[in-house]
Amino acid sequence: MAEQMINIKNVSKWYGPVQVLNDCSVSIDKGDVVVVCGPSGSGKSTLIKTVNALEPFQKGEITVNGIPLHDPKTNLPKLRSKVGMVFQHFELFPHLSVTENLTIAQVKVLGRSLDDAKVRGLKMLDRVGLMAHKDKFPGQLSGGQQQRVAIARALSMDPIVMLFDEPTSALDPEMVGEVLDVMVSLAKEGMTMMVVTHEMGFARKVASRVIFIDVGGRILEDCSKDEFFGHPENRQPRTKDFLNKILQH
Ligand SMILES: Nc1ncnc2c1ncn2[C@@H]1O[C@H](COP(=O)(O)OP(=O)(O)OP(=O)(O)O)[C@@H](O)[C@H]1O
Ligand SMILES: [Mg+2]
């Protein structure tokens with residue numbers, strides 16, 4: 001049986017009186033690539049951030065690799081260090097070189113020696129094809145390159161799962177492909193990934209499942225990519241409407 005990596009069970013969240021996640025349940029096995037899509041404000045970012053305990057929630061339970069987030073005994077910083085996160089904006093330290101960006105958390109959070117951290121960081125930088133840029137500062141790189149550094153930085157921490165929140169939506173169109181290529185290769189290597197994106201080409205290529213969340217934070221669809229794309233007649237009207245809109249451009 002496949003090993004479960006993330007289990008989101010009946011999670012609800014409110015901001016004051018406003019409900020932003022409504023009884024969400026998602027189970028992700030080791031090696032699964034789950035694409036999350038849905039309209040703006042539907043709660044995609046909120047949902048993905050609950051997984052590494054960056055967003056508290058009022059109801060439900062989440063376990064990551066069997067470790068319950070709600071258990072007061074759980075060491076959240078330690079768990080978070082195992083959950084790689086890549087955001088829309090790369091959030092590299094602008095005053096640190098690429099190599100320093102890659103090593104700082106390994107040293108400070110994982111307690112690695114600087115030498116070990118460099119070996120690991122540069123290996124990941126090579127993996128995303130940017131070894132030639134190791135001594136540059138983020139401001140000297142294109143958006144696509146910065147995002148690839150951000151991915152390399154997350155990988156340097158030896159994550160057990162990678163979360164992506166619209167990693168390509170702030171990029172110029174010609175840079176989207178280079179970032180998606182890195183993500184596709186990660187997926188093919190068996191990384192467990194939860195990816196908020198509207199890049200349906202990526203979803204078609206590597207997603208194990210596609211989830212659609214509607215406004216109000218309710219999961220309307222959770223199915224295989226073949227079912228999601230191949231059987232529009234089985235989709236909810238809201239999903240079809242959304243897909244028509246995003247596939248138009
Ligand atoms: N700090 C906050 N306080 C109050 N409401 C918030 C806060 N952060 C988010 N929200 C609300 O929660 C809902 C879900 O937001 P979220 O950012 O998760 O949506 P999203 O699906 O990621 O949207 P987008 O596609 O625009 O990124 C929205 O209605 C948003 O206005
Ligand atoms: Mg968002």
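Which strands does helix H1 lie across, and at what angle does the helix run to S2? Helix H1, residues 44-51, lies across three strands: S1 (4-15), S2 and S4. Its direction is at about 55° to that of S2. Please keep in mind as you read on that this is a predicted model.

## The four-stranded sheet

The strands under discussion belong to an open sheet of four, arranged in the order S2-S1-S4-S5 with antiparallel pairing. Strand S2 (18-29) and strand S5 (67-68) are at the edges; each has a single partner strand, so one side of each is left without a neighbour in the sheet. As a general reminder, strands of a sheet pair through backbone hydrogen bonds, in either a parallel or an antiparallel manner.

Let's walk through the pairings. S1 and S4 are antiparallel and share five bridges. Here Ile6 is found opposite Val64 of S4. Strand S4 (residues 59-64) is also joined to S5 by two bridges, again antiparallel. Val64 faces Ile67 of S5, and Thr63 has Pro68 of S5 as its bridge partner. Val64 thus appears opposite Ile6 and also opposite Ile67.

S4 and S5 form a hairpin with two residues between the strands, and in this hairpin Asn65 takes a positive phi near 55°. For context, most residues other than glycine have a negative phi.

## Two asparagines in strand S1

Strand S1 holds Asn7 and Asn10. Is Asn7 buried or exposed? Asn7 has a relative accessible area of 18%, and because the limit for a buried residue is under 20%, Asn7 counts as buried. Leaving aside neighbours within four places in sequence, the contacts of Asn7 are Val26, Ser27, Glu61, Ile62 and Thr63. Thr63 is a residue you have already met, as the bridge partner of Pro68.

Asn10 counts as partly exposed, with 37% relative accessibility. Its phi is near 50°, a positive value in a residue other than glycine.

## The six-stranded sheet and its helices

A second topic is an open sheet of six strands, in the order S6-S7-S8-S3-S9-S10 and with mixed pairing. Its edge strands are S6 and strand S10 (218-224), each of which pairs on one side only. On average, and with direction ignored, neighbouring strands of this sheet are turned by 15° against each other. Strand S9 (residues 209-214) pairs with S10 in the antiparallel sense through six bridges, and Phe212 is placed opposite Glu221 of S10.

Two helices that pack on this sheet deserve a look. H5 touches S6 and strand S7 (161-165), and its direction makes about 170° with that of S6. Helix H6 (residues 173-188) touches strand S3 (33-37), S7 and strand S8 (193-196), with its direction at about 150° to that of S8.

Between H5 and S7 there is a loop, and Asp158 sits in it. Asp158 has a positive phi, near 55°, in a residue other than glycine. With a relative accessibility of 29%, Asp158 counts as partly exposed.

## The largest pocket

How many residues line the largest pocket? The lining consists of 20 residues, with Arg80, Ala105, Val109, Arg153 and Met157 lying nearest the centre. Helix H2 (76-81), strand S6 (83-86), helix H3 (98-108) and helix H5 (143-156) are the elements that give two or more residues to this lining. The volume of the pocket is about 570 Å³. By residue type, the lining divides into 13 nonpolar, three polar and four charged.

Helix H3, one of the contributors to the lining, also has buried residues: Val98, Thr99, Asn101, Leu102, Thr103 and Gln106. Their cover includes helix H4 (114-127) and H5.

## Pro232, between two helices

To finish, here is a residue from a later part of the chain. Pro232 is in the loop between helix H8 (225-230) and helix H9 (237-247). At 43% relative accessibility, Pro232 counts as partly exposed.

What separates the C-alpha atoms of Pro232 and Asn7 in space? The separation is 27 Å, for two residues that are 225 residues apart along the chain.

Notes. Residues numbered from 1 in each chain as written. Chains lettered and ligands numbered in written order. Predicted model: local features only at pLDDT ≥ 70, side-chain atom pairs only at ≥ 80, totals over all residues. Heavy atoms only, no water. Pairing = 2+ DSSP bridges. Contact = heavy atoms within 4.5 Å. Axes fitted to C-alpha atoms, helices over the stretch in contact; angles between N-to-C directions. 1 Å grid on protein atoms, 1.4 Å probe; cavity = no way out; pocket = protein on both sides within 12 Å on 5 of 7 lines; lining within 4 Å. Points joined across faces, edges and corners; volume = space filled by probe spheres on them. Nonpolar A, V, L, I, M, F, W, Y, C, P; charged D, E, K, R; others polar. Buried < 20%, exposed > 50% of the residue type's maximum accessible area, 1.4 Å probe, protein only.
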